[in-house]
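Work through these exercises with the structure in view. Try each task before reading its solution.

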Amino acid sequence: MINPDRDDRMNRQAANAEQSASAPLVVVLKTCCESFKNFNYLVVDPGSRKAVIVYPAWQMEKIDQALTDTQADLSGILITHSHPDHIHLAKPLADRYDCPIWMSNEEIAVSGFNARQLVGIDTIPWFVGEMPIEPIFTSGHTPGCTCYLIGDNLFTGDVLFAEGCGMCSDIEAARAMFASLKYLKTRLSPQTRIFPGHSYGQPPGRMWAQLVRENIYLQFSDEDAFAAFRLRSGQDRTKMFTFS
C-alpha cells in the first residue's frame, strides 16, 4: 500500500540531504596578532572545490593549511571594508594564488585601497564555481561596507556582531548603520548564520533569528533613537577591542 505521508517525508529528507551536500562549506579560522583577534572564513563550493577567503588577516599559514585540508583552490578574496585588520593578507594571498580581491566601489573610492588584482563591485551577485555570492551594501561602519551572503551564511565583517554592531564615526554614519541593519531584517531568513569579523564572547555562526531576539542594536525601530544610543557618551572604547 502506498503511504503518501511516508513518501512525502522521504522525499523531503532526500531533498534536504541533497541541499546539505551542495551547501557551501564554511571553515572558521581564528587568527591573532598581538591584541587583535580576528575570524577569517574559508568558504568552499563542494562541487567544484573552488573557494573564497573572507577578510583574511594575520596568519597566512592557517589559510594555506585550510586550503590543503579541504583540497580547495582559492578563487577570490572578499573584503567587507578597508580597515587594516581586514585586508592584512589580501595582497599577499592574491599574489600567491593569482586570484581577484573583491571590494565595493564605494569603499575603494573612500579608502584609496589598491592592488593589481583589485576588482570593484556593486550589488550584482556572481558565482564562484556553483556557489552564488551576493554582496549587500551595508554602510555605516565605513561608507562602503559590504556584507556577503553565500547560501545561508552572511559574512558581516564589522557591520554586525552577535553582541552588537560596528562603531560609527558620527551621526550620519549611525543613521546609515540603522538603515543597513533595517535592510538586513527584510533580506535575511531566520536560519541565516552570521559570521562576523570578531567575537566578544559568542561563537561565530549564530542564527539570524537569535540575533534579532538578543542583539540590542536590532531592537530599534526609530533612526534617531538608534543613532543616539550608538553614539552615546560614556562608552569604554578600550572594550571595543577586547576580543574573544
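**Exercise 1: the first hairpin**

Strands S7 and S8 run antiparallel and are joined by three bridges. Strands here are DSSP runs of E with at least two residues, helices are runs of H or I with at least four, and both are numbered from the N terminus. Two strands count as paired if DSSP finds at least two bridges between them. This is a predicted model: local features need pLDDT of at least 70, side-chain atom pairs count only at pLDDT 80 or more, and totals for chains, interfaces and linings use all residues. Residues are numbered from 1 along each chain as its sequence is written, and side-chain values use heavy atoms, with hydrogens and water left out.

Task: find what links S7 and S8.

Solution. Start at Val128, which stands opposite Met131 in S8. Two residues lie between the strands, which form a hairpin. Gly129 sits in the turn, with a positive phi of about 65 degrees.

**Exercise 2: the whole sheet**

Task: give the strand order and name the strands at the edges.

Solution. Step one: read the order, S7-S8-S9-S10-S11-S12. These six strands form an open sheet with mixed pairing. Step two: look for strands with a single partner. They are S7 (126-128) and S12 (206-207), so each has one side without a neighbour in the sheet.

**Exercise 3: following the bridges**

Task: trace the bridge partners from Glu134 through Leu149.

Solution. S8 and S9 run antiparallel, joined by four bridges. Glu134 has Leu149 of S9 as its bridge partner. Now step on to S10: Leu149 is partnered there by Leu154. S9 (residues 146-150) and S10 (residues 153-157) are antiparallel too, over three bridges.

**Exercise 4: the helix and the enclosed strand**

Task: describe how H6 lies on the sheet, and how buried S8 is.

Solution. H6 (residues 171-187) lies across S8 (131-137), S9 and S10. Its angle to S8 is about 145 degrees. Five of the seven residues of S8 are buried (under 20% relative accessible area), so the strand is largely enclosed by the rest of the structure.

**Exercise 5: the cysteines**

Task: how many disulfides does the structure hold?

Solution. Zero. A disulfide needs two cysteine sulfur atoms within 2.5 Å. For Cys145, the closest cysteine sulfur is in Cys147, 7.2 Å away, too far for a bond. For Cys168, the closest is in Cys165, at 5.5 Å, again too far. Cys145 is buried at 0% relative accessible area. Cys168 also counts as buried, at 11%.

Definitions and conventions
Contact = heavy atoms within 4.5 Å. Axes fitted to C-alpha atoms, helices over the stretch in contact; angles between N-to-C directions. Buried < 20%, exposed > 50% of the residue type's maximum accessible area, 1.4 Å probe, protein only.
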